[in-house]
Amino acid sequence: MPERTEVVTSQPRAGAPRRPLLEVVGLSAWYGEAQVLSDVSLDVGSGEVVTLVGRNGAGKTTLLRSVMGLHKQTRGSVTFEGLEITRRTADARARLGVGWVPDDRGIYATLSVEENLLLPPVVHEEAWPIERVYESFPVLHERRDFPGTKLSGGEQQMLAMARVLRMGARMLLLDEPSEGLAPVIVQRIGEIIREIKGQGVGVLLVEQNVKFAATVADRHYLLAQGRVVEHLDNRQFQDRESELLTYLGM
Ligand SMILES: Nc1ncnc2c1ncn2[C@@H]1O[C@H](COP(=O)(O)OP(=O)(O)OP(=O)(O)O)[C@@H](O)[C@H]1O
Ligand SMILES: [Mg+2]
């Protein structure tokens with residue numbers, strides 16, 4: 001079967017009961033003998049932005065990699081659009097519309113912006129056409145002939161997000177998108193996340209920047225030593241901002 005050319009079509013969902021876009025139940029993960037996630041359960045709806053906040057080493061990246069199917073030493077279940085994907089490969093999950101944006105952004109340094117956007121295959125009918133990508137990310141249009149190496153950190157982050165939307169992601173897994181970026185660029189990333197949310201895409205956002213998290217997210221999970229220790233709506237999160245800043249050592 002041609003693995004990489006198949007375009008997945010969404011099933012009609014009219015009248016179906018509302019269910020989360022992404023549902024993680026009882027997820028545990030190990031590196032060899034070392035357990036780094038314990039019984040994590042969380043969900044993200046369509047058009048919802050949910051953060052994963054926790055200290056360094058809490059297990060945030062491992063959780064995103066497990067949802068993507070890149071980390072395999074796990075137990076528990078991952079369901080996407082009602083379909084259990086726990087045993088599917090990362091490639092199969094991408095084809096269903098799960099998009100991973102790694103903390104190093106994963107840009108092809110020697111390729112141009114446009115080549116970075118066009119190289120990965122379109123995998124889902126809801127893929128953004130290149131024109132729509134450029135409309136939402138005008139800076140990528142301006143820089144379309146620039147090689148990846150010539151982009152600023154913020155532009156690389158935008159390119160990494162745009163690339164998975166162009167492939168057809170309905171759910172973005174963003175690993176610390178604001179890290180190392182100037183406040184004005186972080187603000188722009190926030191605007192883009194809100195715009196993506198407005199298009200019905202779900203976002204699971206790993207974030208250490210509490211102030212930024214509070215401006216973009218609907219709900220927050222606090223992860224400590226691989227466990228969810230708090231689940232807060234954005235109001236509760238904002239009320240506890242200074243406590244969280246201290247906890248995270250910010
Ligand atoms: N490849 C690996 N082999 C062994 N242990 C690992 C590996 N990757 C991560 N770990 C360990 O797993 C735990 C969780 O790491 P993870 O990278 O998921 O945390 P994180 O919350 O993303 O941290 P950070 O804020 O530093 O990005 C840490 O104790 C880390 O040392
Ligand atoms: Mg990490």
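**The ligand shell and the sheet beside helix H1**

In this predicted model, ligand 1 is surrounded by Tyr-31, Val-36, Gly-54, Asn-56, Gly-57, Ala-58, Gly-59, Lys-60, Thr-61 and Thr-62. Sorted by class, these surroundings comprise 6 polar residues, 3 nonpolar residues and 1 charged residue. Helix H1, which spans residues 60–68, supplies the largest share of the shell, with 3 residues.

It helps to turn next to the strands. An open sheet is built from 4 strands, and reading across it gives the order E2-E1-E4-E5, with antiparallel pairing. Strand E2 (34–44) and strand E5 (83–84) occupy the edges; each has a single partner strand, so one side of each is left without a neighbour in the sheet. Strand E1 (residues 22–31) runs antiparallel to E2, and the two are joined by 7 bridges. Within this pairing, Leu-27 has Val-40 in E2 as its bridge partner. Helix H1 comes back into the picture here: H1 packs on the sheet, where it touches E1, E2 and strand E4 (74–80). The direction of H1 makes about 65° with that of E2.

A word on confidence rounds off the description. The protein has a mean pLDDT of 91, and 93% of its residues reach 70 or more. Residues 1–5 have a pLDDT below 50, and beyond near neighbours in sequence this stretch makes 3 contacts in the model. The pLDDT is also below 50 over residues 9–13, a stretch that has 3 contacts beyond near neighbours in sequence.

Key
Residues numbered from 1 in each chain as written. Chains lettered and ligands numbered in written order. Predicted model: local features only at pLDDT ≥ 70, side-chain atom pairs only at ≥ 80, totals over all residues. Near = placed C-beta within 6 Å. Nonpolar A, V, L, I, M, F, W, Y, C, P; charged D, E, K, R; others polar. pLDDT = per-residue confidence, 0-100. Contact = placed C-beta atoms within 7 Å. Pairing = 2+ DSSP bridges. Axes fitted to C-alpha atoms, helices over the stretch in contact; angles between N-to-C directions.
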